[in-house]
Amino acid sequence: MNRTDEKWDALPGPWRKATASLLEAGEVLLAWFEPDLDDHLHYARGLVVLTDRRLLSCSEPAASPVGCGAVRWQSWPLNEGSRLRTDEHGSAAVLELVDGSGRLACWHYTAAQTTAAQQLVQKWASWQQSQQTGSRSDGTLAICPSCGAAIPADAGRCQSCAAGPAKPSLSALFRLASFSRSRAGLIVLGFLLTLAATAASLVPPYLTRPIIDDVIRPWETQHIDNSALALWYLGGLAVAAIVAWALDWAKLYVLAWVSERISADLRAKTYAHLQRLSLEFFGGKRTGDLISRISNDTERLCNFLSINLIDFASDILMIVMTAAMLLWINPLLALAALCPFPLIVWMVARVRGRLLRGYRQAGAAWGAMTSVVADAIPGIRVVKAFAQESREIERFNASNERVFHAANRLNKVWSLFGPTVTLLTTCGLLIVWASGVWQIYLGRITLGVLTAFLALISKFYTRMESMIRMGSAVQRASASAQRIFEILDKQSNVPEPVRPIHPGRLQGRIELRGVRFKYGTREVLHGLDLTVEPGEMIGLVGPTGAGKTTLINLICRFYDVSAGAILVDGIDVRSFPVEEYRRNIGIVLQEPFLFYGTIAENIAYGRPNASREEIVAAARAARAHEFILRLPCGYDSLVGERGQNLSGGERQRISIARALLIDPRILILDEATSSVDTETEREIQAALENLVRGRTTIAIAHRLSTLRRADRLVVVENGHITEIGRHDELLGARGSYARLYQAQMELVYGRDGNGK
Amino acid sequence: MENNGRSQAELGNKDSAANGSTGPRPFGLHRDAWGRLVLIDAYGRQHTGVDVVRAFPLSDPRRGIAICDAEGRELVWLADLDALPPPLARQIEEELAKREFVPIIRRILKVSAPVEPSEWEVETDRGRTSFVLNSEDDVHELDAHRALITDAHGIRYLIADIEQLDATSRRLLERYL
């Protein structure tokens with residue numbers, strides 16, 4: 001009874017009361033879901049409620065709010081013959097109720113409701129089953145594999161681990177502060193140095209007043225010799241210059257060091273974060289854009305932090321201090337001089353937003369251009385083979401033009417803005433000249449005051465101008481910061497468990513329980529169940545696109561299941577820390593990837609501390625030893641992007657050695673031999689036999705002959721497991737495996753005999 | 001044929017590992033009348049035209065040495081050169097020296113141009129020479145001290161210790177590392 005009450009609570013508010021009043025005494029609510037489309041596929045809310053006796057449904061009347069009594073309920077009694085099924089194609093799907101006589105009703109819904117609809121169907125199926133067998137097996141509570149909390153059986157996802165609300169997007173630049181916290185001491189030091197340097201640089205203009213008024217003017221007008229005083233002042237100027245130089249030097253060094261450090265930290269963190277994101281993220285990203293973010297954007301931030309920010313800070317200080325000094329010397333003149341200041345501030349505020357947008361566009365255009373290059377270079381053989389060089393050039397030119405135009409839009413704003421600011425500052429100077437001369441004429445100030453003023457105000461406006469120019473750098477940097485934080489804010493779709501179970505060395509027993517998986521809205525695995533015993537070799541067969549590789553990706557935890565669970569040694573794989581779990585898995589892929597480095601390093605990729613003897617032993621077992629010895633540098637030969645050219649079979653054997661060296665409990669072979677000739681395949685087969693021994697192996701192969709050593713063959717078709725058994729059993733069963741095998745035999749020994 | 005070769009190689013391994021440091025030599029090496037290197041393995045079988053190769057010529061030259069037949073099949077594996085009886089070790093070292101040609105650059109005298117292809121004039125342990133470098137990617141930093149340069153013909157030159165080079169050489173090399 002309690003559980004039923006919980007279900008009530010889970011129902012969306014408006015529906016709760018209406019539904020409760022409908023149920024008869026003792027009727028148990030099994031599941032519910034909200035179709036969100038009407039028969040014409042227009043958005044409309046509805047509710048489908050499944051109880052142990054019937055299916056209830058209502059739809060939202062067009063204009064009236066839910067729950068005000070205007071809803072019309074429909075009800076279908078359920079019996080042995082009733083069946084619920086979903087039909088999904090694309091992003092709109094339909095749930096149908098059928099019985100022996102035909103379709104009774106249907107409800108349309110979008111992909112957002114798919115899981116709920118499927119749960120409804122499953123619930124009904126398991127309810128029917130439990131009624132037939134008399135057992136009540138669905139009473140078990142699921143445990144969240146990540147945090148260990150109980151999950152209501154139909155919630156699918158653990159409430160306590162569900163992703164929290166997105167972080168409020170603070171100004172990206174401001175968030176950089178979190179990276180600088182560890183360097184706070186040095187930043188404060190740098191700031192103090194800036195303060196001191198600014199003060200020191202204000203001494204010379206200040207000294208111009210006494211030099212003119214106390215030395216030059218008395219000599220000019222009354223021939224009073226104040227040369228002793230003059231020496232003092234000149235000495236003061238010299239000392240101020242030297243102090244300013246020393247302080248500037250210290251300040252620049254300290255702040256440049258800090259900013260370089262911060263941006264290096266940022267780069268390291270971004271890259272580390274990127275490496276930990278799931279494959280799904282990389283599937284949807286363009287390599288070039290990611291490279292551009294890590295290299296270009298962090299570089300820009302570094303430049304900003306090291307050069308602009310320091311200048312910016314010292315400019316602000318300078319402006320404040322100069323303004324204070326101006327006001328102190330002569331408030332009236334100062335107010336006149338500062339007239340254009342508010343105007344400039346207003347202009348800056350107006351232009352800022354435009355610049356930020358512009359820089360974001362420019363950054364995106366730059367990323368797109370890098371992507372074009374990053375696309376075309378690895379695919380250069382295809383480009384040349386199809387003689388599409390000129391098209392690639394055009395593609396690059398097009399994106400290059402976009403970069404140009406994005407920059408040009410910025411320049412348009414900037415080229416007008418810069419000179420306008422200069423004009424305004426010149427106006428400021430003009431005002432000082434005019435009002436200064438006027439006041440000297442009236443005898444209110446001395447020539448020295450005016451000179452000091454002019455020196456100070458020109459410093460003020462130069463600083464002002466450079467600060468405004470900085471505005472563009474600030475916007476550019478914050479655009480860069482945004483692009484970096486976009487990556488840092490991405491959560492891995494393969495989250496680390498909250499309460500991890502450390503796998504250690506696994507036995508290698510793999511269990512799939514009702515595994516479903518969706519790419520976007522398309523479900524590719526429809527509930528697979530399979531148990532693989534430790535040390536067993538399973539061959540996955542089936543047409544391309546049947547979901548074999550997806551299944552392997554799920555076992556490796558490159559992705560997480562949409563529903564169901566994968567258990568290894570009886571524990572949900574989501575409970576293991578990802579890295580520790582993967583350490584138990586060796587993978588040999590169709591396209592072996594070699595990193596730039598020596599062969600020995602490539603073999604030892606999964607276990608960098610392996611000894612040379614172990615590396616050679618692994619290479620021997622992988623039948624790679626002898627061809628490696630034939631290379632000019634043996635195991636020290638460089639391979640990978642800029643290294644020695646190796647054939648596909650050679651690369652494959654190196655990758656087999658790599659998998660052998662980590663001595664995995666679970667071995668995944670994804671078309672490991674399909675890209676090589678038969679002779680090489682035989683060599684690789686021999687190598688694989690060493691590899692497979694004593695490990696749980698899951699192998700995909702199109703050439704069925706490759707799988708002759710498999711203990712069981714599993715035929716996957718359209719996301720379902722259709723057959724399981726030994727080679728001869730399956731042949732005897734005359735099912736899809738037999739057909740596949742027949743087709744391959746025909747291809748090999750077929751009509752003309754020259755097919756492969 | 002293939003199987004024979006393999007089983008011998010494996011037996012040879014075992015023998016050399018077990019007997020390498022002690023007692024009787026499990027195999028013998030000599031040059032025949034035509035100057036070809038001949039291996040007599042532990043079973044007295046004779047292999048003509050064999051080749052001695054290092055598995056780790058750069059990272060660990062004295063360990064992991066293989067004797068392969070003319071087809072490149074491994075006949076004998078020597079885990080450690082220093083564990084062999086000295087006369088045999090010397091003999092193998094001589095064979096290796098004859099086979100290996102990796103001049104060690106002592107000084108870089110001149111690099112013709114800052115862009116590739118550039119012509120390098122160097123002083124090596126085998127005398128003065130010059131070579132053409134095709135791309136800056138052909139200069140590989142092996143570890144913190146060593147660099148390997150591959151020229152346009154695929155000849156490799158080793159810089160054993162960058163720190164030991166004179167200032168001019170280091171400056172010329174700097175931009176490639």
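**Packing around helix α18 of chain A**

The buried residues of helix α18(A) pack against four helices of chain A, namely α17 (599-603), α19 (625-630), α20 and α21 (678-692), and also against strand β5 (63-68) of chain B. The structure described here is a predicted model. Within α18(A), which spans residues 612-621, the buried positions are A:I615, A:V616, A:A618, A:A619, A:R620 and A:A621. The helix is followed by A:R623, a residue with a positive phi near 60 degrees.

The two chains may be described in turn. Chain A contains 23 helices and 21 strands, and 33% of its 756 residues count as buried. Among the contacts in chain A with a separation of 6 or more, 72% are accounted for by residues 24 or more positions apart. Chain B contains three helices and twelve strands, and 23% of its 177 residues count as buried. In chain B, residues 24 or more positions apart account for 35% of the contacts with a separation of 6 or more.

The packing of α18(A) on α20(A) was examined in terms of axis geometry and residue contacts. The axes of α18(A) and α20(A) come within 8 Å and cross at roughly 125 degrees. Angles over 145 degrees count as roughly antiparallel and those from 65 to 115 degrees as roughly perpendicular; the two helices are therefore oblique to each other. The crossing in which α18(A) passes α20(A) is right-handed. On the side of α18(A), the contact involves A:E614, A:I615, A:A618, A:A619 and A:A621, which meet A:A657, A:L660 and A:L661 of α20(A). By class, the residues of this contact comprise seven nonpolar, no polar and one charged.

Helix α20(A) also packs against α21(A), in another orientation. The axes of α20(A) and α21(A) come within 10 Å and cross at roughly 0 degrees, which makes α20(A) roughly parallel to α21(A). From α20(A), the residues A:G649, A:Q652, A:R653, A:I656, A:A659 and A:L660 take part. Their counterparts in α21(A) are A:T680, A:E683, A:I684, A:A687, A:L688, A:N690 and A:L691. The contact of α20(A) with α21(A) has seven nonpolar, four polar and two charged residues. A:L660 is thus named both in the contact of α20(A) with α18(A) and in that with α21(A).

In soluble globular proteins, nonpolar side chains tend to be buried together. The largest nonpolar core of the model holds 94 residues, and the members that touch the most others are A:I603, A:I656, A:A657 and A:I668. Helix α20 of chain A (residues 648-661) gives the most to this core, with six residues. Beyond its neighbours within four places in sequence, A:A657 is in contact with A:I603, A:A618, A:A619, A:A622 and A:A624. Of these partners, A:A618 and A:A619 are among the buried residues of α18(A). Apart from this core lies another, of 44 residues, which includes A:M369, A:L410, A:A477 and A:A481.

The contact between the chains involves 17 residues of chain B and 13 residues of chain A. On the side of chain B that touches chain A, β4 (51-54) and β5 each supply at least two residues. Strand β5(B) gives the most to that side, with four residues. The side of chain B that touches chain A is made up, by class, of seven nonpolar, four polar and six charged residues. Strand β5 of chain B is also one of the elements against which the buried residues of α18(A) pack.

Two further residues other than glycine have positive phi values in loops of chain A. A:R557, with phi near 60 degrees, is placed in the loop between α15 (548-555) and β13 (563-568). With 20 other C-beta atoms within 10 Å, A:R557 is buried. A:D663 has a phi near 50 degrees and is found in the loop between α20 and β18 (666-670). With 16 other C-beta atoms within 10 Å, A:D663 is partly exposed.

Notes: Residues are numbered from 1 along each chain as its sequence is written. Chains are lettered from A and ligands numbered from 1 in the order in which they are written. This is a predicted model: local features need pLDDT of at least 70, side-chain atom pairs count only at pLDDT 80 or more; totals for chains, interfaces and linings use all residues. A nonpolar core is a set of buried Ala, Val, Leu, Ile, Met, Phe, Trp, Tyr and Cys residues joined through C-beta atoms within 7 Å. A residue is buried if 20 or more other C-beta atoms lie within 10 Å of its own, exposed if 12 or fewer, and partly exposed in between; C-beta atoms are placed from the backbone. Two residues are in contact if their C-beta atoms, placed from the backbone, lie within 7 Å. Ala, Val, Leu, Ile, Met, Phe, Trp, Tyr, Cys and Pro count as nonpolar, Asp, Glu, Lys and Arg as charged, and the others, Gly among them, as polar. Axes are lines fitted to C-alpha atoms, for helices over the stretch in contact, and angles run from 0 to 180 degrees between N-to-C directions. Angles under 35 degrees count as roughly parallel, over 145 as roughly antiparallel, 65 to 115 as roughly perpendicular and the rest as oblique. A crossing is left-handed if the near helix is turned anticlockwise from the far one by less than a right angle, and right-handed if clockwise.
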